[in-house]
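This briefing is meant to be read with the sequence and the model side by side. It takes up a pocket and its lining, and then a sheet and the helix that lies across it.

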Amino acid sequence: MKDLDPTSPPTAEIIAFRLTEAVHEHRILPGTKLSEDEVGEIFGTGRTVVRQALRMLAHEGLLTIERNRGAYVAKPSVKEAREVFEARALVEPQTARAAAERATDDDIALLEAHMAAEHAALAADEAGRALKLSGQFHLELARIADQATIEAFIRQLISRSSLVIALYWRRRNAMCESHAHHALLDALRRHDGDSAEEQMKGHLLDLLSQLDLRDQESAMPSLREALSQ
């Protein structure tokens, strides 16, 4: 997480980054209200800058801004939760195939380091951080596949997936199972596009099967507590 410069108020970009991190790590949960005044007090800046930051998150699909009510962390419906993972199951297998065909030794080394960080987060019982790293693993595959337009689409889907998992995930101690990413990485090492595609299909279907697609209610920590972690 980026450090704030104590000598000057943070920019809208820094505030948006910090809020995004907190949402992806499930320190700020779906349905949480982000008051302009409270966010401004926490970050030591004015409402204009905060409003810019909140609009950035809304553009990414992480917030909904309601007239006369304010900004809330987006709360995907059961229908949207299904659609998000079904869309990923349509798009990401082909991306995994392309990544396997294009992966270099440097790409493999980066993914290995990324997986080590993911495992370290799980070992430290930092489930939210592990989830964020897991999503980034999928984004790295899209980058390796050299599919910029699809990468942008997958980035939006993974942002929505983080919200879906916060609401509907049944096994919070096992986000992206480690064996699934290991199997994908092995396919990339072998440049085996068929295997990478099949591994990704199975992985995403398994993730969908771990969703408890009923309306959920979650306890909300205070915004200040969430951002101080």
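Which helix gives the most to the lining of the largest pocket? In this predicted model, that helix is helix 6, which contributes 7 residues to the lining.

**The largest pocket**

- The volume of the largest pocket is about 540 Å³, and among the 26 residues that line the pocket, those closest to its centre are T20, H24, L139, R155 and S159.
- Two or more lining residues come from each of helix 1 (12-24), helix 3 (47-59), helix 6 (127-145) and helix 7 (148-168).
- Sorted by character, the residues of the pocket lining comprise 12 that are nonpolar, 9 that are polar and 5 that are charged.

**The sheet**

- The model also contains an open sheet of 3 strands, whose order is 1-3-2 and whose pairing is antiparallel.
- Because strand 1 (33-34) and strand 2 (63-66) stand at the edges and each has a single partner strand, one side of each is left without a neighbour in the sheet.
- The pairing of strand 1 with strand 3 (residues 70-73) is antiparallel and extends over 2 bridges, and K33 has Y72 of strand 3 as its bridge partner.

**Helix 3 and the sheet**

- Helix 3, which is among the elements that give two or more residues to the pocket lining, also lies across strand 1, strand 2 and strand 3.
- Relative to strand 2, helix 3 runs at about 120°.

Note on methods: Residues numbered from 1 in each chain as written. Predicted model: local features only at pLDDT ≥ 70, side-chain atom pairs only at ≥ 80, totals over all residues. Heavy atoms only, no water. 1 Å grid on protein atoms, 1.4 Å probe; cavity = no way out; pocket = protein on both sides within 12 Å on 5 of 7 lines; lining within 4 Å. Points joined across faces, edges and corners; volume = space filled by probe spheres on them. Helix = DSSP H or I, 4+ residues; strand = E, 2+ residues; numbered from the N terminus. Nonpolar A, V, L, I, M, F, W, Y, C, P; charged D, E, K, R; others polar. Pairing = 2+ DSSP bridges. Contact = heavy atoms within 4.5 Å. Axes fitted to C-alpha atoms, helices over the stretch in contact; angles between N-to-C directions.
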